[in-house]
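I opened a notebook for this structure. The entries below record what I looked up, one topic at a time.

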Amino acid sequence: MKNVTAALSASGAYLAGEYDIIVIGTGHAGCEAALASARLGRQTLILGMNLDTVANMPCNPNIGGTAKGQLVREIDALGGEMGRAADRAMIQFRMLNASRGPAVLSPRAQIDRRLYQQIMKETLEKTERLDVRQGEVIELLVDADGHELRIEGVRLRTEAIYRCKSVILATGTFLESRIIIGDCQYSGGPDSQFAAHGLSESLRDLGLLLQRFKTGTPARINRRSVDFTPMEQQDGDPIPFAFSYENEENPPINPDEQIPCYLTWTTPQTRAVIEQNLDRSPLLSGVIEGVGPRYCPSIEDKYVKFPDKERHQIFLEPMGRNTEEMYLQGLSSSMPEDVQLIMVRSLPGLQSARIMRSAYAIEYDCLDPRLLQMSLEVRGITGLFSAGQINGTSGYEEAAGQGLIAGINAVRKLNDEEPVILDRSQAYIGVLIDDLITKGTTEPYRMMTARAEYRLVLRQDNADARLTPIGRSVGLIDQARWDHFQIKQERIQTEIERCRNIRIRPSAESDAVMRSLGTVPLRQPASLADLLKRPEIHYEDLEVLDPDRPSLSRVEQTAVEVSIKYEGYIRLEEERIGQFRKLERKSIPDSIDYRLIKGLRIEAQQKLSRQRPISIGQAKRISGVSPADLAVLLIYLQSLKRDDEEGKRG
Amino acid sequence: MNGDYQTVLDTNLTSQDHEICVAVATPPGQSGIAVIRLSGKGAAELIDPVFKPVSKRFPPVFSMPGYTCAVGKIISPVTGELIDQVVLTRFTAPHSYTGEEVIELSCHGSLAIKQSLIDLILSLGARAAEPGEFTKRAFLNGKLDLIQAEAVIDLIQAETDRSARNAAALLQGDLSQQMMFISDNLYQLLASIELVLEYPEHDESDTVSAQLAAGLDLIEQKINRYVQGFSQGRILTEGMTVVLAGRPNAGKSSLLNALANTERAIVTDVPGTTRDTIEIKIDIDGIPVHLVDTAGVRETEDTVEKLGVARTRDVLQSADLVFWLIAPPVDHLQEDQTIMEQLQLQSLVPLVSKDDLNESLALRQAIEACWPDQTIMTCSVLTGEGLDAIRKKVIETYESLGAQAQNDVLLTNSRHKACLDSALLSVRKAREALHGGITWDIIASLVRGSLDALAELTGDAVSDTLVDTIFSRFCVGK
Ligand SMILES: Nc1nc2c(ncn2[C@@H]2O[C@H](COP(=O)(O)OP(=O)(O)OP(=O)(O)O)[C@@H](O)[C@H]2O)c(=O)[nH]1
Ligand SMILES: [Mg+2]
């Protein structure tokens with residue numbers, strides 16, 4: 001453990017600069033963190049090992065999807081960058097779950113990954129107060145005076161020393177990473193980049209617990225070697241939406257220039273190849289020690305764990321507009337290259353496929369996220385924040401969401417302001433961070449809508465209503481955007497009111513409309529709102545009966561319809577949220593000493609001492625804390641309060 | 001849905017709770033042997049000065065290992081007198097009933113000995129345990145889950161066989177297990193829905209849709225069975241209220257005395273003897289019964305309004321079973337009939353009393369004419385005829401309330417009932433939503449609501465379990 005002065009005394013060391021905040025890593029977390037920090041007024045430096053890979057997408061070439069699409073909308077609503085960049089770089093858009101209801105409706109886009117990188121890099125470069133610099137950090141420099149460690153700077157491989165007040169770690173999957181392709185294993189990061197060496201040791205030296213995770217990516221093939229005839233073509237939506245609320249009226253993508261994906265299936269031969277070569281799979285033979293994600297199993301995993309399933313879906317996704325490379329979603333593998341080729345060619349339409357890049361598994365170091373506070377600051381090390389895959393997550397969207405929050409909170413800490421902590425009823429970002437910090441994770445954590453208890457409220461259509469006011473108060477939403485937001489909300493509210501008041505009388509015309517929609521005719525006058533509550537009726541269907549309606553944009557119409565149609569269910573969920581918040585508001589003082597609480601079981605005492613929940617609600621979610629422990633804790637807190645009051649009186 | 005754990009514990013803990021508390025742990029009253037329990041840190045040190053082992057081989061109490069016994073005398077330090085010879089058992093934390101350090105003294109069961117021992121221990125600095133405090137401590141120390149802790153209280157308070165058997169089953173964790181089973185079914189269902197929602201590209205909605213309809217029906221039936229069982233379960237803890245009502249002089253008090261085998265109620269031939277309700281607890285085949293005698297009711301201008309005392313009416317309304325006594329002669333039958341109709345009670349059974357009298361035949365025939373499809377019950381306290389049939393009717397009524405399956409554990413606690421009610425409501429709404437063409441996000445949310453309600457019973461966290469279920473059952477992923 002060194003401080004800046006000690007680091008500078010090494011031979012060749014020099015002071016390369018001074019910043020408020022240094023972000024390590026130029027991936028999706030790093031970019032959001034750096035942009036937020038600089039935009040909020042702090043002198044910021046973002047360091048990456050290779051500036052040609054800013055905002056790289058080393059796995060699937062898409063952004064969004066179930067739960068992830070909601071995350072992107074939230075990032076945008078708070079004033080982050082991912083949504084805007086994705087809107088400009090998308091080459092296909094689909095709104096998933098269109099028939100399953102607004103709570104699970106999820107935007108997803110195929111992305112031109114080169115274009116995306118270029119847009120993001122340019123955005124970084126053009127941001128005021130933000131310096132972009134290539135360099136590999138190998139050590140964090142801390143001041144160890146007093147009880148707490150405090151970040152002072154970073155040391156690069158070249159012995160450049162930067163002084164700073166805060167560091168945001170966003171190193172993704174690079175720490176001591178190892179690539180595995182069958183028997184061939186070597187040190188390396190994603191997309192044939194170098195692994196980052198040294199930083200892991202520096203973190204351990206600071207007393208931080210690391211775990212080793214594993215993930216993988218499938219092969220990329222050349223489109224010209226594919227026969228699409230036996231495959232099912234999947235086109236984008238005829239009328240795409242945008243991720244960013246800034247673009248919702250005019251999504252930048254041209255609907256006619258969308259590039260399709262294709263669907264094919266594994267065959268009995270695929271199974272045979274895998275079964276014959278299982279002994280060569282490092283995942284199953286135990287060569288790989290890292291823990292892999294259950295939601296993204298390799299194809300060999302799928303066959304082993306679900307032997308009854310005959311065939312598996314494989315999607316071909318374009319990697320960009322100006323490339324022939326295609327990504328084989330569903331065929332992630334760590335088999336040797338020769339096996340991979342036979343496997344790929346066992347699929348209909350891929351008989352003569354030519355692989356451009358092999359599938360590989362990657363192992364890397366990451367933090368146990370239970371070491372963090374809800375602000376994403378590492379407990380016990382002032383000024384050290386961390387975000388993204390280093391916190392045990394997977395996915396670009398999960399990374400970006402954390403990056404944004406870490407960036408905001410690093411700045412707020414320097415400004416002596418309270419951190420922004422979103423709770424589980426406010427945002428998927430809140431669910432994500434709460435899950436990580438409260439429960440930790442034993443596999444790369446992927447966001448899923450099923451993880452959110454209050455999904456009906458956490459919708460993609462209302463992320464702005466939920467979060468833009470927070471983004472505004474933080475300082476990431478400019479005046480124009482704020483005005484637009486307020487006007488939109490007002491239009492929606494006015495229209496909801498109007499729909500409650502306008503009554504439709506039964507008539508030949510209304511009968512015809514009802515019949516054409518497959519619903520029963522009116523027997524007595526009904527408000528527009530009443531009609532919208534029928535599952536068969538949508539807002540636009542009622543136009544004929546409601547000639548005086550204001551002209552609303554598509555997204556405003558959706559917001560009105562959802563608010564009215566699901567009113568009762570949303571109210572139910574809001575009641576549950578009320579209950580939930582009651583426990584969240586019962587806060588636990590940071591100074592609490594769990595060893596003094598008699599009656600707590602040892603396990604609970606240890607877990608609570610380590611994780612230091614901020615509220616009873618959070619304590620309740622820590623595994624190993626029983627209802628009885630909570631009761632003891634509540635009673636203790638009450639007695640503290642009583643003693644306190646008596647103390648004041650006495 | 002997130003329970004406020006504070007309300008679950010009805011008494012507030014104070015810092016005193018970590019003192020040593022003492023109480024007789026065996027049921028009150030005279031018995032051969034009784035057990036006195038001390039719980040709390042330092043219990044061994046506390047008892048050691050007054051405990052004189054019979055053999056020098058025994059170490060001091062505080063050096064005894066857990067789960068060992070010693071025989072010795074308890075000597076009063078003040079008078080030097082022998083109070084009792086006891087067997088002392090030591091338990092060390094956390095391996096005891098309460099999870100704390102525990103000393104148990106098996107002493108002779110006379111009231112005087114128990115009282116002297118308790119007084120002595122209190123004088124040494126222990127505190128008298130509040131009712132249920134050992135169980136509360138056990139719960140707080142994680143030795144029992146909530147359902148089990150509540151069951152212990154039921155067990156202690158159980159007055160009849162049936163009550164005790166049910167409480168014991170609850171203590172074994174049977175209810176928790178059966179609830180887990182229902183939860184598990186719900187999880188499977190929800191996981192299937194979530195799979196469709198989470199991985200729209202793997203479209204399996206058709207198969208899931210069929211499963212869903214059938215699954216929700218089945219779960220609704222299951223939960224419903226437990227909810228119904230609550231009326232029985234409640235009787236096991238609170239007792240079944242059986243009311244004897246009828247016109248003055250019908251023989252109500254006499255019947256009460258006969259069934260309860262007492263002379264509690266005053267019997268005269270003057271109509272209107274009983275002025276207020278009299279209640280006696282009796283045991284009918286293991287069912288705890290509150291037998292209630294009431295003031296006689298006669299017809300006036302506005303019958304229901306002037307139903308004797310308002311109290312009688314209240315008692316009738318909250319009764320589980322009402323016997324309406326009709327005594328010969330037949331003259332007042334019309335009046336009885338009017339009153340009974342106006343009362344509109346569900347479980348009102350006409351009962352011909354004083355069946356030993358001659359006029360009773362005419363009365364029976366008249367009643368048969370009124371209620372042709374009902375077997376007419378009769379009784380006489382003079383001959384003892386019909387008393388068993390009355391008891392049988394009580395048992396039948398109890399059984400008709402209850403759970404359909406024999407091995408179901410009965411819900412006895414209204415907290416559990418409330419959780420299940422809310423789970424049931426959500427499942428019903430989910431079913432309606434499914435049939436009404438409501439989108440699946442809503443159905444999922446309702447099923448989840450039901451799981452949340454059950455989680456209050458089982459102490460499960462829904463989200464984690466759900467994600468595990470999804471991944472263990474389905475092959476998904478990119
Ligand atoms: N022969 C005969 N007489 C009975 C029987 N039961 C009660 N009696 C008599 O009927 C009279 C009234 O009995 P109670 O038991 O006091 O009647 P009650 O319904 O409680 O009367 P109130 O309290 O005044 O409403 C008494 O004289 C009893 O001895 C019976 O089974 N056979
Ligand atoms: Mg009487």
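These are my entries, chain B first and then chain A.

**Entry: chain B overall.** I note at the start that this is a predicted model. I counted the elements of chain B and found 16 helices and 13 strands. I then looked at burial. Of the 478 residues in chain B, 53% count as buried. Next came contacts between residues at least 6 apart in the sequence of chain B. Of these, 68% join residues at least 24 apart.

**Entry: helix H9 of chain B.** I picked out helix H9, residues 252-260 of chain B, and asked how many of its residues are buried. The count is seven of nine, so to speak of the helix as mostly covered is fair. I listed the buried ones: B:Lys252, B:Ser253, B:Leu255, B:Leu256, B:Asn257, B:Leu259 and B:Ala260. What covers them? I found that the cover over the buried residues of H9(B) includes five strands of chain B, E8 (240-246), E9 (278-284), E10 (287-293), E11 (321-326) and E12 (348-352). Helix H13 (387-401) of chain B is also part of that cover.

**Entry: the two ends of H9(B).** I checked the backbone on either side. In the loop between E8 and H9 of chain B sits B:Asn249. Its phi is near 75°, a positive value in a residue other than glycine. B:Asn249 counts as partly exposed, at 30% relative accessibility. After the helix comes B:Asn261, and its phi is positive too, near 60°.

**Entry: cis peptide bonds in chain B.** I looked at omega next. The bond from B:Ala93 to B:Pro94 is cis, with omega near 0°. B:Pro94 lies in the loop between strand E5 (82-91) and strand E6 (102-108) of chain B. Another cis bond joins B:Pro328 and B:Pro329, where omega is about 0°. I placed B:Pro329 in the loop between E11 and helix H11 (333-343) of chain B.

**Entry: a helix pair in chain A.** I turned to helix H4 (residues 82-89) and helix H5 (residues 113-125) of chain A. Their axes come within 9 Å and cross at roughly 135°. That angle makes H4(A) oblique to H5(A). The crossing is right-handed. Which residues meet there? From H4(A) I wrote down A:Met82, A:Ala85, A:Ala86, A:Arg88 and A:Ala89. From H5(A) I wrote down A:Leu115, A:Tyr116, A:Ile119 and A:Met120. By type, the residues of this contact are eight nonpolar, no polar and one charged.

**Entry: aromatic pairs.** I searched the whole structure, all chains included, and got seven aromatic pairs. I followed one of them, A:Tyr19 with A:Tyr162. Their ring centres are 6.1 Å apart and the planes make an angle of 50°, so the pair counts as tilted, which takes an angle from 30 to 60 degrees. The pair links distant parts of the chain, 143 residues apart. A:Tyr19 belongs to strand E1 (residues 14-24) of chain A, and A:Tyr162 to strand E9 (residues 160-169) of chain A. Are these two tyrosines, A:Tyr19 and A:Tyr162, buried or exposed? Both are buried. I also noted an aromatic cluster formed by A:Phe93, A:Phe241 and A:Phe243.

**Entry: an asparagine in chain A.** My last lookup was A:Asn97. It lies in the loop between strand E4 (90-96) and strand E5 (106-111) of chain A. Phi of A:Asn97 is near 65°, positive although the residue is not glycine. With a relative accessible area of 7%, A:Asn97 is buried.

Methods. Residues are numbered from 1 along each chain as its sequence is written. Chains are lettered from A and ligands numbered from 1 in the order in which they are written. This is a predicted model: local features need pLDDT of at least 70, side-chain atom pairs count only at pLDDT 80 or more; totals for chains, interfaces and linings use all residues. Side-chain values use heavy atoms; hydrogens and water are left out. Axes are lines fitted to C-alpha atoms, for helices over the stretch in contact, and angles run from 0 to 180 degrees between N-to-C directions. Helices (H or I, at least four residues) and strands (E, at least two) are DSSP runs, numbered from the N terminus. Angles under 35 degrees count as roughly parallel, over 145 as roughly antiparallel, 65 to 115 as roughly perpendicular and the rest as oblique. A crossing is left-handed if the near helix is turned anticlockwise from the far one by less than a right angle, and right-handed if clockwise. Contact means heavy atoms within 4.5 Å. Ala, Val, Leu, Ile, Met, Phe, Trp, Tyr, Cys and Pro count as nonpolar, Asp, Glu, Lys and Arg as charged, and the others, Gly among them, as polar. Buried means under 20% relative accessible area, exposed over 50%, partly exposed in between (1.4 Å probe, protein chains only). Rings of Phe, Tyr and Trp (its six-membered ring) pair if their centres lie within 6.5 Å; planes under 30 degrees apart count as stacked, over 60 as edge-to-face and the rest as tilted.
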